[in-house]
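Here is a friendly walk through one protein model, meant for someone opening it for the first time. Keep the 3D view at hand as you read.

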Amino acid sequence: MLTKKYVAPFLFGFLGILSFAPFSIKPLIFLSYAYLIKELAYKNDSSIKKLVFWSLGHWGFGMSWIIVSVYYYGNTNIYISLIIFFILVLILTAVFSMPLLVMKIRLFNGFKYERIAEILYISSLLILSEWSMYYLLNGVPWIIPGIIFLDTITQNLYPILGVAGGSFIIYFLSALMAISWIKNKRLSYAFFILTFITLLPNTLYKNQTVEDINVSIIQPASDPFLKYSNGYKNTIENNLLNLYRNRSKDSHIVIFPEAELPYALESKEFNEFSRKLDHSQEILTGAWHFEDGSLFNSLVNLNTSEIYNKQHLVPFGEYIPFFSSLRGLIAFFDMPMSNVSHGSAKQNAMKLNSFNDIKFAPLICYDIAFGNTVRKSNISSNFMINISNDTWFGSSIGPYHHLDIARVRAIENNKWIVRSTNDGFSAIIDNNGTIVTKIGKGDSSILNGSISLLKERSFYNIYGYLIPYLFALIVILFSVIINLCTKRRA
């Protein structure tokens, strides 16, 4: 009995995460959501407990990289780190999982097309729950199901409906499996086999001509534990400069990762470092930046002095969500850069000094997880630059998820991405989401390559997730109307 109530839901929640990189056992996402839907919509025994334990398995493993930030970077003991992590998982469960209990409400009793109506209704509830992940709690758009369609034929849906379109397919097929399990188990097995069609390898790649801009990407792999230690500044600078000397002389742009230097843009130390660089090539770098008394995590073009401030901050890395009063109580909350300000949502694409009418969409770390932020940044851009400090993830699954998110954004917006991270994965990603070349996790190296500039906007880039979300709202509206009409006839 305990196995049914607690262990089974936990394991099914956990299994869903194995669909994502680096495991990529993609069919498991369908089983995970089919189990959740079956237990919530079609079972009456302990649904709340099962939902909580499914969420603990799903969110607990899917967001496990957070504990790396808290434990390793905050230098706190393991017990306090686990308490903070467990509280965060409970909050995510309460905000994003508990509303799904609305599935238990029966709206279609007596309706002629009850089964298909229920499947569409459940799928719509799940896609709207996914939509809330971009906005509630300052946004936690991680482990979005539709991402698992990377490298499959279904990824060709991304430039049209975005990753939300992929998620809707997963929710629809999972609901189909769940209702079939109740009515006809053999049919449920058949529908599970059907999911493999959506996972067939993608063979529809377009050939690209790479000749527009040459880039050099620097990945220093500095020791994050020593970054703000006294005396380590020179080690970081010398490492960056040694890598910089190996850049291609044909490169138009040299890109350093997110806030690699342990001092601010306005400091004397930064000016001295900048003078050691050859500004005949465009130099873009992450940096800490003070503006009107606030600290920002920024991307700066050293040739034009144009600055972009990061919009979406990493919880427990750059700001303390929910618990600002804890600052001063635990060493983690007194870290030098754990009180960063959010950049404005109205920032534009940045220009390149060496090219007329060429712009790029600047994205720092967590920014790239927010589809609408990326979409708006690419309205007038020709390519994207994503700088990041993925040492926050440690050796967790986080860097693999982050790289896949970047690949999805490239496909959605029909733009190449140049990605520079502290310790991997730095990469050049084409507009098909293909990794043209990359530097491995933990490697200290420089990557010289080329990208193409594309002006054509995708359907998704123009309309965003409008179609899947609007469709979901219409389905829910009609579901309520059908329910009211059915009751009147009765």
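## Sheets, helices and a few odd spots

Let's start in the middle of a sheet: strand β8 (residues 383-388) and strand β9 (residues 417-421) run parallel to each other and are joined by five bridges. If you want one pair to click on, take Ser388, whose bridge partner in β9 is Thr421. Keep in mind that this is a predicted model.

Now zoom out a little. β8 and β9 belong to an open sheet of six strands, ordered β6-β7-β8-β9-β10-β11, with mixed pairing. At the edges sit β6 (350-351) and β11 (435-439), each of which pairs on one side only. Helix α12 (residues 398-413) lies across β8, β9, β10 (426-429) and β11, and it runs at about 160° to β9.

Toward the β11 edge, the pairing is antiparallel: four bridges join β10 to β11. Ala427 stands opposite Lys438 in β11. The hairpin made by β10 and β11 has five residues between the strands, and Gly433 in this hairpin takes a positive phi near 80°.

How is strand β1 (residues 213-219) paired, and with which strands? On the one hand, seven bridges join β1 to strand β12 (residues 445-451) in an antiparallel run. Asn214, for example, stands opposite Ser450 in β12. On the other hand, three bridges link β1 to strand β2 (residues 253-255), and here the strands run parallel. Val215 has Ile253 as its bridge partner in β2. β1 is also mostly covered, with six of its seven residues buried.

Here are the strand pairs so far, side by side.

| Strand pair | Sense | Bridges |
|---|---|---|
| β8 and β9 | parallel | five bridges |
| β10 and β11 | antiparallel | four bridges |
| β1 and β12 | antiparallel | seven bridges |
| β1 and β2 | parallel | three bridges |

### Two helices to look at

Helix α14 (residues 466-489) is a nice one for a quick check. Its 24 residues should span 34 Å at 1.5 Å a residue, and because its end C-alpha atoms are 34 Å apart, the two values agree. Which residues of α14 are buried? They are Pro468, Tyr469, Ala472, Val475, Ile476, Ser479, Asn483 and Thr486. The buried residues of this helix pack against α6 and α7 (158-183).

Helix α3 (residues 47-62) passes a similar check: with 16 residues, it reaches 22 Å from its first C-alpha to its last, close to the 22 Å expected. Its buried residues include Leu51, Trp54, Leu56, His58 and Trp59. Several glycines are on that buried list too, namely Gly57, Gly60 and Gly62.

### Hollow spots

Trp59 turns up again when you look for empty space. The structure holds six cavities of 30 Å³ or more, and the largest cavity has a volume of about 150 Å³. This cavity is lined by 16 residues, and the closest to its centre are Tyr33, Trp59, Phe96, Ser129 and Met133. Where does the lining come from? The helices α2 (28-41), α3, α5 (78-97) and α6 (114-132) each supply at least two residues to it.

### Unusual backbone spots

One bit of background first: most residues other than glycine have a negative phi, and most peptide bonds are trans. A few places in this model go the other way.

Two peptide bonds are worth finding. The bond from Ala21 to Pro22 is cis, with omega near 5°, and Pro22 is found in the loop between α1 (2-17) and α2. The bond from Gly424 to Phe425 is also cis, with omega near 10°. Phe425 is found in the loop between β9 and β10, so you are back at the sheet where this tour began.Then come two residues with a positive phi. Ile143 has a phi of about 45° although it is not a glycine, and it lies in the loop between α6 and α7. Asp357 has a phi near 60°, again positive in a residue other than glycine, and it lies in the loop between β6 and β7 (359-364).

Are these two buried or exposed? Ile143 counts as buried because its relative accessibility is 6%, under the 20% cut-off. Asp357 counts as exposed because its relative accessibility is 73%, over the 50% cut-off.

Methods. Residues are numbered from 1 along each chain as its sequence is written. This is a predicted model: local features need pLDDT of at least 70, side-chain atom pairs count only at pLDDT 80 or more; totals for chains, interfaces and linings use all residues. Side-chain values use heavy atoms; hydrogens and water are left out. Two strands pair if DSSP finds at least two bridges between them. Contact means heavy atoms within 4.5 Å. Axes are lines fitted to C-alpha atoms, for helices over the stretch in contact, and angles run from 0 to 180 degrees between N-to-C directions. The expected span of a helix is 1.5 Å times one less than its number of residues. Buried means under 20% relative accessible area, exposed over 50%, partly exposed in between (1.4 Å probe, protein chains only). On a 1 Å grid over the protein atoms alone, a cavity is a set of points where a 1.4 Å probe fits but cannot get out, and a pocket is an open set with protein on both sides within 12 Å along at least five of seven lines; lining residues have an atom within 4 Å of a point. Grid points are joined across faces, edges and corners, and a volume is the space filled by probe spheres set on the points.
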